[in-house]
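Q: Could you take a close look at one part of this model with me? I'd like one spot first, and then whatever surrounds the story.

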Amino acid sequence: MRTMNKLRKYGIYVLFCMLLFAMVFQFSADLRQPSYPVFKLSEGNMTNRMIIVVTPTYKRMTRIPDMLRMANTLSHIKDLHWIIVEDGNKTVPAVRDILERTKLPYTYMGHKTILGYPRRGWYQRTMALKYIRSNTSQILGKDHEEGVVYFGDDDNSYDTRLFTEYIRNVKTLGIWAVGLVGGTVVEAPKVVGGKVTAFNVKWNPKRRFAVDMAGFAVNLKVVLNSDAVFGTACKRGGGAPETCLLEDMGLEREDIEPFGYEKDKDREILVWHTKTSTPNIVKSNKNSTKKAPPPDTFGYFVEA
Ligand code: UGA
Ligand code: MN
């Protein structure tokens, strides 16, 4: 009887101790929980990658309308930083106005092509890569740990899903189809069992990466882990710069993540290599031997 009483007393004591411990533990857990919302960034959180679009641009009659179309497209995309590099010594106010109206974070700088470089945006993209490497945290901002770099020329036609469904999900090197390029209607990676084995292209198919600039994007970490830039020539690309850049970044065909190949037919093209034709400006006096004066713009801004 005595031992029973002792045991009961002891049991109550143990129970009390356990209850106290549970209460203290819960209280300290509450304290450990921050009162502000915590931004969780995990492997699966693709949507948080910052898209960095690099666009070389230069003065021509159709540049303002080309840039306007591109700006209208990009302004639909969240978490995008647009880097525009003017092939000139100065930036152009009319271009800056277009950029301002997108409400996107952007960097607009002027770097005129130096001697030795082809005048096709190569030097401008090189300057953009250098800018990205030395201003990474400023471009990413506090909400982004990862980024993807895409070279989007100012004259192509972009489906917004190119950014939201393809580019945003690039872990290393993403590649997809491009319409109206390389002397044919479509260039695309040849995908077998989810892997890229070759390229369905007419022009220079033997290149390690037979892809137009519009047809790939690389994760920011690939850019930061190399010092690859656009050189002054690319022999391996038959003159085109894409394969040299990607090879110099240390990439192999096995690194390619193909996008948009899943369906057997009616596959969609999300970027088109279009070119706005230069308008035929009628001269005011055809028979005059004198140099024609610039056309009257009636006070409107035209890059004539
Ligand atoms: C094709 C590819 O789509 C380009 O990405 C590639 O750089 C080029 O070939 C090449 O062979 O190097 P394509 O459509 O023929 O380009 O060339 P453009 O669209 O006229 O130029 C490519 C980019 O460079 C454009 O964003 C354009 O504005 C810019 N660019 C062009 C300059 O900054 N300066 C120039 O003098 C010419
Ligand atoms: Mn082009």
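Which strand does L180 lie in? And what else can you tell me about the pockets, the rings and the metal?

A: Happy to. One thing up front: this is a predicted model. L180 lies in strand β7. Its backbone stands out a bit, since L180 has a positive phi of about 55° without being a glycine. As for the side of things facing solvent, L180 has a relative accessibility of 44%, so it counts as partly exposed; the cut-offs for that class are 20% and 50%. F298 is another non-glycine with a positive phi, about 50° in this case. You'll find F298 in the segment after β12, and with a relative accessible area of 67% it is exposed.

Now step back from L180 along the chain to W176, which sits in the loop between β6 (173–175) and β7 (178–181). W176 is at 2% relative accessibility, so it counts as buried. Its ring pairs with that of F259: the centres are 5.9 Å apart and the planes meet at 70°, so the pair is edge-to-face, given that anything over 60 degrees falls in that class. F259 comes from the loop between β11 (256–258) and β12 (271–272), 83 residues away from W176, so this contact links distant parts of the chain. F259 is also buried, because its relative accessibility is 15% and the limit is 20%. The two rings have company, too: ring pairs join W176 and F259 with Y150, Y158, F163 and Y166 in a cluster. Across the model, the count of aromatic pairs comes to 10.

On to the second largest pocket, which holds about 240 Å³ of space. It has 14 lining residues, and A177, A188, P189, G260 and R267 are the ones nearest its centre. Strand β8 (residues 184–192) gives the largest share of that lining, 5 residues. By residue class, the lining has 9 nonpolar, 2 polar and 3 charged members.

The largest pocket has a volume of about 840 Å³. It is lined by 34 residues, with R120, R125, D153, D155 and K275 nearest the centre. Two elements give two or more residues to this lining, namely β1 (50–57) and α4 (122–134). Of these, α4 supplies the largest share, 3 residues. The lining here splits into 15 charged, 10 nonpolar and 9 polar residues.

Two of the residues nearest the centre of the largest pocket, R125 and D155, deserve a second glance. R125 lies over the face of F230, at 5.4 Å from the ring centre. D155, in the loop between β4 (147–151) and β5 (157–158), is where the metal comes in: the manganese ion (ligand 2) is coordinated by OD atoms of D155, at 2.3 to 2.6 Å. A word of caution on that site: water is not among the atoms, so it may look incomplete.

So, to come back to your starting point: L180 is a partly exposed residue in strand β7 with a positive phi, and the loop between β6 and β7 carries W176, a buried residue that belongs to the ring cluster.

Key: Residues numbered from 1 in each chain as written. Chains lettered and ligands numbered in written order. Predicted model: local features only at pLDDT ≥ 70, side-chain atom pairs only at ≥ 80, totals over all residues. Heavy atoms only, no water. 1 Å grid on protein atoms, 1.4 Å probe; cavity = no way out; pocket = protein on both sides within 12 Å on 5 of 7 lines; lining within 4 Å. Points joined across faces, edges and corners; volume = space filled by probe spheres on them. Helix = DSSP H or I, 4+ residues; strand = E, 2+ residues; numbered from the N terminus. Nonpolar A, V, L, I, M, F, W, Y, C, P; charged D, E, K, R; others polar. Phe/Tyr/Trp six-rings, centres within 6.5 Å; stacked < 30°, edge-to-face > 60°. Buried < 20%, exposed > 50% of the residue type's maximum accessible area, 1.4 Å probe, protein only. Lys NZ or Arg CZ within 6 Å of the ring centre and 35° of its normal. Donors = N, O, S within 2.8 Å, 3.2 Å for Na, K, Ca; no water.
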